Amino acid sequence: MQKKRIDESVYFRSSQSWQDKRKKIKERDNYLCQICVRNLYNTERKYNCEKLQVHHAIQLNADKTLKLEDSNLITLCEYHHYLCDMGDIPYAEVKKIIDEQESKRKMEIWLSPPAN
């Protein structure tokens, strides 16, 4: 019997670094699907916080250097994640939303009072 070869992405997705990053991205995105909140692509509920997943805008196997980059990650519901993976939501639109989220986060950091 031949051993099943485990894809390196399986190891990555079970890593603590990925678990931590997923949490950070969901926090940045206020635990909401960023497509639903913008009422795009057949959104059924604008404030959707169910079945959330973190999506790589540029796929993990396409560029491993971006696997933990905030600028490549977005919180999506299961449905919109599927549409992104199928190519039904263009990369340019996903990237624009990610850039908006990153700009908001940077502005919040800049405006927050310094820690004592």
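**Group meeting: salt bridges, cores and one aromatic pair**

Ten salt bridges are found in this structure. Keep in mind that we are looking at a predicted model. I'll take some of the bridges, then the cores, then the surface.

Start with arginine 28 and aspartate 29. They form a salt bridge, and the closest N and O atoms are 2.9 Å apart. Are these two residues buried or exposed? Arginine 28 is buried, at 11% relative accessible area. Aspartate 29 is buried too, at 0%. The pair also belongs to a network of salt bridges, which links Arg28, Asp29, Glu102 and Arg105.

Next, arginine 45 and glutamate 50. Here the closest N and O atoms of the salt bridge are 3.6 Å apart. Arginine 45 is partly exposed, with a relative accessible area of 38%. Glutamate 50 is partly exposed as well, at 49%.

Now glutamate 78 and lysine 51. Their side chains meet in a salt bridge at 3.9 Å, N to O. Why does this pair tie together separate parts of the sequence? Glutamate 78 sits in helix H3 and lysine 51 in the loop between H2 and S1, so the bridge joins parts that are 27 residues apart in sequence. Glutamate 78 is partly exposed at 43% relative accessible area. Lysine 51 is exposed, at 61%.

On to the cores. The largest nonpolar core has 14 residues. Which of them touch the most other members? Those are Cys33, Ile35, Ile74, Leu76, Ile89 and Val94. Strand S2 (73-77), helix H3 (78-86) and H4 each supply at least two residues of this core. Apart from it lies another core, with six residues, including Phe12, Trp18, Ile25 and Leu60.

Take leucine 76 from the largest core. Leave aside its neighbours within four places in sequence. Leucine 76 is then in contact with Cys33, Gln34, Ile35, Lys51, Leu52, Gln53, His55, His81 and Cys84. Note that Lys51, from the bridge to glutamate 78, is on that contact list.

Now the rings. The structure holds one aromatic pair. The rings of phenylalanine 12 and tryptophan 18 have centres 5.2 Å apart and planes at 40°, so the pair counts as tilted. The cut-offs explain that: planes under 30 degrees apart would be stacked, and over 60 edge-to-face. Phenylalanine 12 is buried, with 9% relative accessible area. Tryptophan 18 is buried at 4%. Both residues are among the members of the six-residue core.

What about tyrosine 31? Its place is in the loop between helix H2 (16-28) and strand S1 (52-56). Tyrosine 31 is partly exposed, at 38% relative accessibility. Neighbours within four places in sequence aside, its contacts are Lys23, Lys26, Asn48, Cys49 and Leu52. Tyrosine 31 and isoleucine 97 are 66 residues apart in sequence. In space, they are 15 Å apart, C-alpha to C-alpha.

Last, the surface. Which residues make the nonpolar patch of about 400 Å²? Met107, Trp110 and Leu111 make it. Tryptophan 110 is found in helix H4, residues 91-111. At 66% relative accessibility, tryptophan 110 counts as exposed. Set that against tryptophan 18, which is buried at 4%.

To recap. One bridge pairs buried arginine 28 with buried aspartate 29. Another joins helix H3 to the loop between H2 and S1. The aromatic pair is tilted. And Trp110 helps make a nonpolar surface patch.

How values were computed
Residues numbered from 1 in each chain as written. Predicted model: local features only at pLDDT ≥ 70, side-chain atom pairs only at ≥ 80, totals over all residues. Heavy atoms only, no water. Phe/Tyr/Trp six-rings, centres within 6.5 Å; stacked < 30°, edge-to-face > 60°. Buried < 20%, exposed > 50% of the residue type's maximum accessible area, 1.4 Å probe, protein only. Patch = residues over 30% accessible without salt bridge, like charges linked within 9 Å, V, L, I, M, F, W, Y side chains within 5 Å. Areas by Shrake-Rupley, 256 points an atom, 1.4 Å probe, with all protein chains shown as cover. Salt bridge = Lys/Arg side-chain N within 4 Å of Asp/Glu carboxyl O. Helix = DSSP H or I, 4+ residues; strand = E, 2+ residues; numbered from the N terminus. Core = buried A, V, L, I, M, F, W, Y, C linked by side-chain atoms within 4.5 Å. Contact = heavy atoms within 4.5 Å.
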